Amino acid sequence: MEVGIVMTLFERDDVKTGNQPCNVCTKPTRSHVIQPALYEEYVAEVVVNRADEFANNQWEETEEVTKTRKVKEAVTVCHKCWLKRHEEIIEIIDSDYEKWESEPSRYTARIQVTAEICKSYGFEEESKRMASLISMMKESVKQ
Ligand SMILES: [Zn+2]
């Protein structure tokens, strides 16, 4: 590994998400994690040994160490805002589902955005409904 190489960002299961301002009302919360924090690894030079500061010949022994740092904070919403979002999504799906179902290829973007919200918010029932719409959508593209 070389110093300065950009690594891919990753999530960490071993680090708990702390309180973040709710993405909607800004109240500190960690009730629902919409997007987990992202981390990257980087290589740092660490001094492992050096000459005595009074020595005539100064020297330093360094080692490359891989460290992890947080690149992007987690996005969270409080339970109150989560419930409100859930109601909104149920309303949207209930009113538009038949329309989407009858012509999925016409509403691709809308279906994908809604599915994405259901997934990140962890709305399980709604995610299933959206997943079946998406498979219909893919079917209709093939034809
Ligand atoms: Zn909130």
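The paragraphs below lead through the helices of this predicted model, the cores, and a few individual residues in strands, loops and helix ends.

A convenient place to begin is the packing of the helices, since two packed helices are described by the angle between their axes and the distance between the axes. Helix α1, which covers residues 79-102, packs with α3 at an angle of about 20 degrees, and the two axes lie 11 Å apart. An angle under 35 degrees counts as roughly parallel, and α1 is therefore roughly parallel to α3. The crossing of this pair is left-handed. On the α1 side the contact is made by I89, I90, I93, Y97, W100 and E101, while α3 contributes E126, R129, L133 and M136. Sorted by class, the residues in the contact of α1 with α3 comprise 7 nonpolar and 3 charged ones, with no polar residue among them.

The pairing of α2 with α3 has its own geometry, for the axes of α2 and α3 come within 9 Å and cross at roughly 150 degrees. Angles over 145 degrees count as roughly antiparallel, so α2 is roughly antiparallel to α3. Here, too, the handedness can be stated: α2 passes α3 in a left-handed crossing. The residues that meet in this contact are T108, I111, T114, A115, C118 and K119 from α2, and E126, S127, M130, L133, I134 and M137 from α3. By class, the contact of α2 with α3 is made up of 7 nonpolar, 3 polar and 2 charged residues.

The remaining pair to be followed is α1 with α2, whose axes come within 11 Å and cross at roughly 145 degrees. The crossing of α1 and α2 is left-handed. From α1, the residues W82, R85, I89, I92, I93 and W100 take part in the contact, and from α2 the residues I111, T114, I117, C118 and Y121 do so. The contact of α1 with α2 divides into 9 nonpolar residues, 1 polar and 1 charged.

With the helix pairs in place, the cores can be traced through the model. The largest nonpolar core has 7 residues in all, namely W100, I111, C118, F123, M130, L133 and M137. The elements that give two or more residues to this core are α2, spanning 108-121, and α3, spanning 124-142. Of these elements, α3 provides the largest share of the core, with 3 residues. One member that can be followed individually is W100, which, when residues up to four places away in sequence are not counted, touches Y107, I111 and L133. I111 and L133 are themselves listed in the largest core, and W100 appears in the contact of α1 with α3 as well as in the contact of α1 with α2. A second, separate core holds 5 residues, including C22, C78, C81 and W82. W82 also takes part, from α1, in the contact with α2.

Outside the helix pairs, T26 deserves attention for its backbone, with a positive phi of about 70 degrees although T26 is not a glycine. T26 is found in the loop between β1, residues 20-21, and β2, residues 28-29. T26 counts as exposed because 11 C-beta neighbours lie inside 10 Å, and the limit for that class is 12 or fewer.

V65 offers a view of a strand, since the place of this residue is in β5, which runs over residues 60-72. With 11 other C-beta atoms within 10 Å, V65 is exposed. Leaving aside neighbours within four places in sequence, V65 is in contact with A44 and V46. The C-alpha atoms of V65 and V43 are separated by 5.5 Å, although these residues stand 22 residues apart along the chain.

The path ends in α3, where V141 lies and where K142 also has its place. V141 counts as exposed because 10 C-beta neighbours lie inside 10 Å. V141 and R110 are 31 residues apart in sequence and 16 Å apart in space, taken from C-alpha to C-alpha. K142 is likewise exposed, with 5 other C-beta atoms within 10 Å. Between K142 and K27, which are 115 residues apart along the chain, the C-alpha atoms are separated by 46 Å.

Key. Residues are numbered from 1 along each chain as its sequence is written. This is a predicted model: local features need pLDDT of at least 70, side-chain atom pairs count only at pLDDT 80 or more; totals for chains, interfaces and linings use all residues. A nonpolar core is a set of buried Ala, Val, Leu, Ile, Met, Phe, Trp, Tyr and Cys residues joined through C-beta atoms within 7 Å. A residue is buried if 20 or more other C-beta atoms lie within 10 Å of its own, exposed if 12 or fewer, and partly exposed in between; C-beta atoms are placed from the backbone. Helices (H or I, at least four residues) and strands (E, at least two) are DSSP runs, numbered from the N terminus. Two residues are in contact if their C-beta atoms, placed from the backbone, lie within 7 Å. Axes are lines fitted to C-alpha atoms, for helices over the stretch in contact, and angles run from 0 to 180 degrees between N-to-C directions. Angles under 35 degrees count as roughly parallel, over 145 as roughly antiparallel, 65 to 115 as roughly perpendicular and the rest as oblique. A crossing is left-handed if the near helix is turned anticlockwise from the far one by less than a right angle, and right-handed if clockwise. Ala, Val, Leu, Ile, Met, Phe, Trp, Tyr, Cys and Pro count as nonpolar, Asp, Glu, Lys and Arg as charged, and the others, Gly among them, as polar.
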